[in-house]
Structures are given as structure tokens and as C-alpha cells.
Amino acid sequence: MNCLSPSILSADFSKLGEQIRLLDEAGADYVHIDVMDGSFVPSISFGCPVIRSIRSCTERLFDVHLMIDEPIRYIRDFAQAGADLITVHAESCRHLDRTIEEIKRQGVLAGVALNPSTPVDLIRHILPKVDMVLIMTVNPGFGGQELIPYTIDKVRELKQLLNDLSLKTDIEVDGGITLANVRQVLEAGANIIVAGSAVFRGDIRQNTESFLSVLKEKEVR
Ligand code: DX5
Ligand code: ZN
């Protein structure tokens, strides 16, 4: 199923609760929550206390994208703060298998993310253990960047690999997704769409509805 996961990194933090409720009312499926540590990526965003306090704003799935070094240290904390799906970067885990196992031990869904330059083949053996693969379509760290075109080829390659392995794992794309290029990533095989600036810049409700109508139109039956 195609899902929209608006990234609250682009929200107005002085009205965070209000804007999350707006996303919920407009029908957004997930809430994408970007956690950055200033080491794995240049920026620092927010952590567990923020997640805990927005948990009561919506029942939508909390899609927590950890851009932090050695995330295994914090998996339990994020699960307890209200994450439903925790995604870790293959590049940030010394022991990726152990980290994925820890996410599952906490009773939440597990995702693995790849930076633009990381080859898809790196995660081949872990694919049967994860619920979602996140293909970064920009270098992680900031909202509002432009999509790197070769990352769309990686989505196609991953989709093919999953088909070869008879897996129906979700493919999420994150970074630089707009109403102008979302059809392209859906056609390549992505089904979970993260959008930050394209949702929060301007009319949040209308932007959400516009994305959702493209997702519906492109649903593979
Ligand atoms: C980037 C983050 C993204 C970001 C996307 O490192 O992982 O989730 O918020 O923002 P846009 O859609 O503006 O590129
Ligand atoms: Zn993200």
C-alpha cells in the first residue's frame, strides 16, 4: 500500500502539536520523525522527550528515522517514547544484524536506511529480517535539498532484488520529494513517501491531500 509520511523536521516547532493534528485530519498515514545527533549527520534535531510529548497528538504510525551513531544504544528509549517503526542507517551500525534484532526485541517494526552512495547489495542478507528499507534520495542532515537522480535507479534495483527474493518489503524514499517527482519514485517501486518541505511549505492540509491523491492514483492493485 502507498503511504505518506510527512517529515516534521520542516514543521513550525512552536505549533508542533497543532500541525501534527492537521496532518492526521488531512489523512497522512505516518508521521516521519528525524532524529539527528550532530555526528552521523551535521545537524542536531530532537530526541525522545519531543517524541514522548507529541505521542498524544495522533494515533498515526510514528516512523522514527535515526540519523545517529551506534543507534543500538537508544533503541529501547525510542520504542518506549512511542516509536512504532525504527529505522537505522546501515552506515551507522557496527553490528547491523544485532541492531535490527534489538529493534524487533522491543516489539516495534524495523527499517534499514542507506545513504545515496551506499550500494543496495550491502543489505542483501538482512532484507528478510526488516519490514522496510529507506533509500535516502538526498544526503541526510537537512530538509529542503534536491533529490539526487541516481538514487531512483537504486529504488528500481532494490525492488528487483526484493522480487527476486520473493519479499514484499516496503520501500521508503526520503529527501527532495515533491509533487513534481513523486510519480517517478512510485513508478520505480517506492511505496512510502517522506516529504518535509513539500508538505509544510504553504498550506499543510492542501499539500497533504495533493500527495495523497497521487499516491491513490498510483496504487498498484
Ligand atoms: C533529511 C531527512 C528528511 C528531511 C526531508 O536528512 O531525513 O526526512 O526532513 O525533507 P525534504 O522533504 O524537505 O527534503
Ligand atoms: Zn528522514
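**Entry 1: Phe 200**

I started at Phe 200, which is buried, with a relative accessible area of 10%. I placed Phe 200 in helix α7, residues 197-200. I then looked for its distance to Gln 19: the two are 181 residues apart in sequence, yet I get 8.8 Å in space from C-alpha to C-alpha. A reminder to myself before going on: this is a predicted model.

**Entry 2: the zinc ion**

Next I went to the zinc ion, ligand 2. Which protein atoms are its donors? I found His 32 through NE2, Asp 34 through OD, His 65 through ND1 and Asp 174 through OD. These donors lie 2.0 to 2.3 Å from the zinc ion.

I wrote the donors out as a spacing along the chain and got H-x1-D-x30-H-x108-D.

I also looked up the geometry. The zinc ion has six donor atoms, the angles among them run from 70 to 171°, and the site is octahedral. For reference, ideal angles for six octahedral donors are 90 or 180 degrees.

Then I looked at cover for two of the donor residues. His 32 and Asp 34 are both buried.

**Entry 3: ligand 1**

I moved on to ligand 1 and asked how many residues surround it. The answer is 20, and the closest are Asp 34, Gly 141, Asp 174, Gly 196 and Ser 197. Two of those names were already in my notes, as Asp 34 and Asp 174 are also zinc donors.

I noted three distances from oxygen atoms of ligand 1. One is 2.7 Å, to an N or O atom in the side chain of Asp 34. Another is 3.4 Å, to an N or O atom in the side chain of His 32. For Gly 176 the partner is a backbone N or O atom, and the distance to a ligand 1 oxygen is 2.8 Å. As for cover, ligand 1 has 380 Å² of accessible area on its own, and the protein covers 100% of that.

Which strands supply the shell around ligand 1? I have β2 (30-36), β3 and β8 (192-195), each with at least two residues. The largest share comes from β2, with three residues.

I sorted the shell around ligand 1 by class as well: eight residues are nonpolar, 10 are polar and two are charged.

**Entry 4: Val 35**

While I was on strand β2, I looked up Val 35, which is found there. Val 35 counts as buried at 4% relative accessibility. I also took its distance to Leu 66: they are 31 residues apart in sequence, but their C-alpha atoms are 5.0 Å apart in space.

**Entry 5: Thr 137**

Thr 137 caught my eye in the loop between β6 (132-136) and α5. Is it buried or exposed? Thr 137 counts as buried, at 0% relative accessibility.

What does its side chain contact? A polar atom of the Thr 137 side chain lies 2.8 Å from the backbone oxygen of Asp 174. That is the Asp 174 I listed as a donor of the zinc ion.

I also took a distance to Leu 161, which is 24 residues from Thr 137 along the chain. Their C-alpha atoms are separated by 18 Å.

**Entry 6: His 89**

I looked up His 89 in strand β4, residues 85-89. His 89 is buried, with a relative accessible area of 0%. Its side chain makes a polar contact of 3.1 Å with the side chain of Glu 91.

**Entry 7: positive phi**

Last, I looked at two residues with a positive phi that are not glycines.

Glu 70 has a phi of about 40°. I found Glu 70 in the loop between β3 (61-67) and α3 (75-81). Glu 70 is partly exposed, because its relative accessible area is 22% and the buried class stops under 20%.

Ser 166 has a phi of about 55°. I placed Ser 166 in the loop between α5 (150-164) and β7 (170-174). Ser 166 counts as exposed because its relative accessible area is 66%, and the cut-off for exposed is over 50%.

Definitions and conventions:
Residues are numbered from 1 along each chain as its sequence is written. Chains are lettered from A and ligands numbered from 1 in the order in which they are written. This is a predicted model: local features need pLDDT of at least 70, side-chain atom pairs count only at pLDDT 80 or more; totals for chains, interfaces and linings use all residues. Side-chain values use heavy atoms; hydrogens and water are left out. Donors are N, O and S atoms within 2.8 Å of the metal (3.2 Å for Na, K and Ca); water is not among the atoms, so sites may look incomplete. Four donors count as tetrahedral if all angles lie between 85 and 135 degrees; four count as square planar and six as octahedral if opposite donors are over 155 degrees apart and all others between 65 and 115; anything else is irregular. Buried means under 20% relative accessible area, exposed over 50%, partly exposed in between (1.4 Å probe, protein chains only). Helices (H or I, at least four residues) and strands (E, at least two) are DSSP runs, numbered from the N terminus. A residue is near a molecule or strand if one of its heavy atoms lies within 4 Å of it. A polar contact is a pair of N or O atoms within 3.5 Å; within protein, one must be able to donate a hydrogen and the other to accept it, and residues adjacent in sequence count only if both atoms are side-chain atoms. Accessible areas come from the Shrake-Rupley method with a 1.4 Å probe; for residues, only the protein chains shown count as cover. Ala, Val, Leu, Ile, Met, Phe, Trp, Tyr, Cys and Pro count as nonpolar, Asp, Glu, Lys and Arg as charged, and the others, Gly among them, as polar.
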